[in-house]
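Q: I am new to this structure. Please take a close look at one part of it, and then show me how that part sits within the rest.

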Amino acid sequence: MQKIAIITDSASDIPLEVIKEKNINLLPLRIIYSNAEYRDRIDISPSEVYKNLENEIPKTSLPSAKDTEEILNKLEEESYTHVICISISSGLSGSYNALRLALEDHPNLTSFVYDTKILAYPQGEIVLEVAKLIREGKNFNEIVSEIPNIRKRITGYFTLNTLEYLKKGGRIGRLAGTVGELLNLKPIITTDENGVYYTVTKVRGRKQSLSKMTELLKGYLEKCKCEVAVLHAGCEEEAIKYMEAIKNLPNISSIKIAEISPALGVHSGPGLFGFSVKMDK
């Protein structure tokens, strides 16, 4: 008889209480400061990271090999036979490849590692859908074959409040960043088919960027009912206000707020804002 476990990394933005409730195994990404290292959401919360950005911008790294081995060993000890791993985009992190390599040393576990080609709560939505299929008693092959269909129904968009942190991290040129700040440009970003960031459009000012986000969301709501999550990095009050403004849009079947993992937020700075949308079947 199959006993199926699910693993994901902390870029999925699933709250710890939900992780526990749904029996999801969490691999924390690492938040690395000059004098200390923390496990994302275990040793340090996203809000603590964002509050400290003025003092130091930490580096982020894939989950440690030690944490990965501990989880895989635990699953074997608990007589799991199969494991499904839902990973942050391989275009943004080495987590996907690290998991595949780690599982090669655990031949007793029949495994499947899925590269979501996305991150943040959209990744989390895929995890929650897979966890639901496991609870429903679907077998390993049924679940694995369904994951790409789940992925097709889920996406997300983000907008930045400042280009300062992209400049500091060298992710955009200093000149381009300075010009963008002078023009008050706010990019709208998502991930492409290769799982790397790309800019959908640029608008001027925060108000216009949020209006553009709503316009993008309405494009999905015109097609079918959708579950929506408002995403934020260190700007919860603004996220609540935005949620109140859009919650009565037609075809929103549910709406919630999720805090964005530092895996994305430390590179874009506080004020990162977005939404996740999961379209009904």
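A: Start with one term. A residue is called buried when its relative accessible area is under 20%, exposed when that area is over 50%, and partly exposed in between. The model here is a predicted one.

The part to look at is helix H4, which spans residues 95-104. Take Ala98 as the way in. Ala98 has its place in helix H4. Is Ala98 buried, partly exposed or exposed? Its relative accessible area is 30%, so Ala98 counts as partly exposed. How far is Ala98 from Glu142? In sequence, the two are 44 residues apart. In space, their C-alpha atoms are 25 Å apart.

Now turn to Tyr96. This residue is also found in helix H4. Tyr96 has a relative accessible area of 18%, and because the limit for burial is 20%, Tyr96 is buried. What does Tyr96 touch? Leave aside residues up to four places away in sequence. Tyr96 then touches Ser87, Ile88 and Ser90, and also Val113, Tyr114 and Asp115. Gly271 makes a useful landmark. Tyr96 and Gly271 are separated by 175 residues in sequence. From C-alpha to C-alpha, Tyr96 and Gly271 are 28 Å apart.

Next comes the helix that packs with H4. Two packed helices are described by the angle between their axes and by the distance between those axes. Helix H3 covers residues 65-77 and packs with H4 at an angle of about 45 degrees. The axes of H3 and H4 are 11 Å apart. H3 and H4 are therefore oblique to each other. The crossing of H3 past H4 is right-handed. Which residues make the contact? On the H3 side they are Thr68, Glu69 and Leu72. On the H4 side they are Leu99, Ala102 and Leu103. By class, the residues of this contact are 4 nonpolar, 1 polar and 1 charged.

The stretch after H4 is worth a stop too. Strand S7 covers residues 110-115, and a loop lies between S7 and helix H5, residues 121-135. Tyr96 of the close-up touches Val113, Tyr114 and Asp115. Lys117 lies in the loop between S7 and H5. Most residues other than glycine have a negative phi. Lys117 is not a glycine, yet its phi is positive, at about 60 degrees. Lys117 is partly exposed, with a relative accessible area of 29%.

Follow the chain on into H5. H5 packs with helix H6, residues 140-152, at an angle of about 145 degrees. Their axes are 10 Å apart. H5 passes H6 in a right-handed crossing. H5 brings Ile126, Glu129, Val130, Leu133 and Ile134 to the contact. H6 brings Ile143, Glu146, Ile147, Ile150 and Arg151. The contact of H5 with H6 has 7 nonpolar and 3 charged residues, and no polar ones.

One more helix pair can be set beside H3 and H4. Helix H9 (residues 206-221) packs with H10 at an angle of about 45 degrees, with the axes 12 Å apart. H9 and H10 are therefore oblique to each other. H9 passes H10 in a right-handed crossing. Arg206, Leu210, Met213, Thr214 and Leu217 of H9 meet Glu238, Tyr242 and Ile246 of H10. In this contact, 5 residues are nonpolar, 1 is polar and 2 are charged.

Beyond H10, residues 236-246, a loop leads to strand S12, residues 252-259. Asn251 is found in that loop. Asn251 has a positive phi of about 80 degrees, although it is not a glycine. Asn251 is partly exposed, with a relative accessible area of 27%.

Finally, step back to the whole chain. How many helices and strands are there? The protein chain has 11 helices and 13 strands. Along the principal axes, its C-alpha atoms fill a box of roughly 60 × 50 × 30 Å. A compact globule of 281 residues would have a radius of gyration near 19 Å, and the chain agrees, with 19 Å. Of the 281 residues, 53% are buried, and Tyr96 of H4 is one of the buried residues. Now count the contacts in the chain with a separation of 6 or more. Residues 24 or more positions apart account for 75% of them.

Conventions
Residues are numbered from 1 along each chain as its sequence is written. This is a predicted model: local features need pLDDT of at least 70, side-chain atom pairs count only at pLDDT 80 or more; totals for chains, interfaces and linings use all residues. Side-chain values use heavy atoms; hydrogens and water are left out. Axes are lines fitted to C-alpha atoms, for helices over the stretch in contact, and angles run from 0 to 180 degrees between N-to-C directions. Helices (H or I, at least four residues) and strands (E, at least two) are DSSP runs, numbered from the N terminus. Angles under 35 degrees count as roughly parallel, over 145 as roughly antiparallel, 65 to 115 as roughly perpendicular and the rest as oblique. A crossing is left-handed if the near helix is turned anticlockwise from the far one by less than a right angle, and right-handed if clockwise. Contact means heavy atoms within 4.5 Å. Ala, Val, Leu, Ile, Met, Phe, Trp, Tyr, Cys and Pro count as nonpolar, Asp, Glu, Lys and Arg as charged, and the others, Gly among them, as polar. The radius of gyration is taken over C-alpha atoms; the globule rule is 2.2 Å times the number of residues to the power 0.38. Buried means under 20% relative accessible area, exposed over 50%, partly exposed in between (1.4 Å probe, protein chains only).
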